[in-house]
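Trainee: Walk me through this one, please, and show me how each label is earned.

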Amino acid sequence: MKFKAKNIAELGEHVFFKNGIKGIVEKVNENTVIVNIIDNKTELLFEGNRTVVSHKNYQVFDDV
């Protein structure tokens with residue numbers, strides 16, 4: 001996993017947050033993104049596999 005030096009993700013980009021959760025950005029808002037979770041290595045549960053994440057709480061990465 002290679003992280004990008006970006007502050008704000010764009011639609012369709014992959015993000016990593018909460019030390020083990022990966023997702024794809026579905027919507028970008030002024031202060032947050034809505035993420036569709038694709039990999040969850042934590043014990044946290046998300047209804048509908050979606051959540052809202054602040055721009056300061058995720059990192060954008062290349063899914064290679």
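**Strands, core and surface**

Mentor: Start with a pairing: the bridge partner of H14 in β6 is F61. Bear in mind that this is a predicted model, where local features need pLDDT of at least 70 and side-chain atom pairs count only at pLDDT 80 or more, while totals for chains, interfaces and linings use all residues. Residues are numbered from 1 along each chain as its sequence is written, and side-chain values use heavy atoms, with hydrogens and water left out.

Trainee: What makes β2 and β6 a pair joined by bridges?

Mentor: Strands here are DSSP runs of E with at least two residues, numbered from the N terminus. Two of them pair if DSSP finds at least two bridges between them. β2 and β6 (residues 59-62) have 3 bridges and run antiparallel, so they pass the cut-off. Besides H14 with F61, F16 has Q59 as its bridge partner in β6.

Trainee: How do you know that β1 and β6 go together?

Mentor: By that same test: 2 bridges join them, antiparallel again, and at least two is what the rule asks for. F3 stands opposite F61 in β6.

Trainee: And what joins β2 to β3?

Mentor: There you get 4 bridges, also antiparallel, with V15 opposite G23 in β3. In general, strands of a sheet pair through backbone hydrogen bonds, either parallel or antiparallel.

Trainee: Why are β1 and β5 said to stand at the edges?

Mentor: The 6 strands form an open sheet in the order β1-β6-β2-β3-β4-β5, with antiparallel pairing. β1 and β5 (50-54) each have a single partner strand, so one side of each lacks a neighbour in the sheet.

Trainee: Why is H14 called buried?

Mentor: Buried means under 20% relative accessible area, exposed means over 50%, and partly exposed is in between (1.4 Å probe, protein chains only). H14, in strand β2, comes out at 17%, so it counts as buried. Contact means heavy atoms within 4.5 Å; leaving aside neighbours within four places in sequence, H14 touches G23, I24, I38, Q59, V60, F61 and D63.

Trainee: Which way do the β2 side chains point?

Mentor: H14 and F16 go one way, V15 and F17 the other, and all are buried.

Trainee: What makes up the largest nonpolar core?

Mentor: A nonpolar core is a set of buried Ala, Val, Leu, Ile, Met, Phe, Trp, Tyr and Cys residues joined through side-chain atoms within 4.5 Å. The largest one has 12 residues: A9, V15, F17, I21, V25, V33, V35, I37, F46, V53, Y58 and V60. β2 (14-17), β3 (21-28) and β4 (32-40) each supply at least two of them, and β4 gives the largest share, 3 residues. As for F17, its contacts beyond four places in sequence are V35, T51, V53, N57 and Y58.

Trainee: Where is K18, and is it buried or exposed?

Mentor: K18 sits in the loop between β2 and β3, and at 55% relative accessibility it counts as exposed. Its contacts, again skipping neighbours within four places, are T42 and L44. K18 also lies 7.8 Å from N57, C-alpha to C-alpha, with their positions 39 residues apart in sequence.

Trainee: What is noted about phi of K18?

Mentor: Phi is near 50°, positive in a residue other than glycine. Most residues other than glycine have a negative phi. The hairpin of β2 and β3, where K18 takes this value, has 3 residues between the strands. N49 has a positive phi too, about 55°, and is not a glycine; it lies in the loop between β4 and β5 and is partly exposed at 42%.

Trainee: Last one: what makes the nonpolar surface patch?

Mentor: Patches take residues with over 30% relative accessible area and no salt bridge; like charges are joined within 9 Å, nonpolar side chains (Val, Leu, Ile, Met, Phe, Trp, Tyr) within 5 Å. A salt bridge is a Lys or Arg side-chain nitrogen within 4 Å of an Asp or Glu carboxyl oxygen. Areas come from the Shrake-Rupley method with a 1.4 Å probe, and for residues only the protein chains shown count as cover. I8, L11 and V28 make a patch of about 270 Å². I8, in the loop between β1 (2-3) and β2, is partly exposed at 44%, so it clears the 30% bar.
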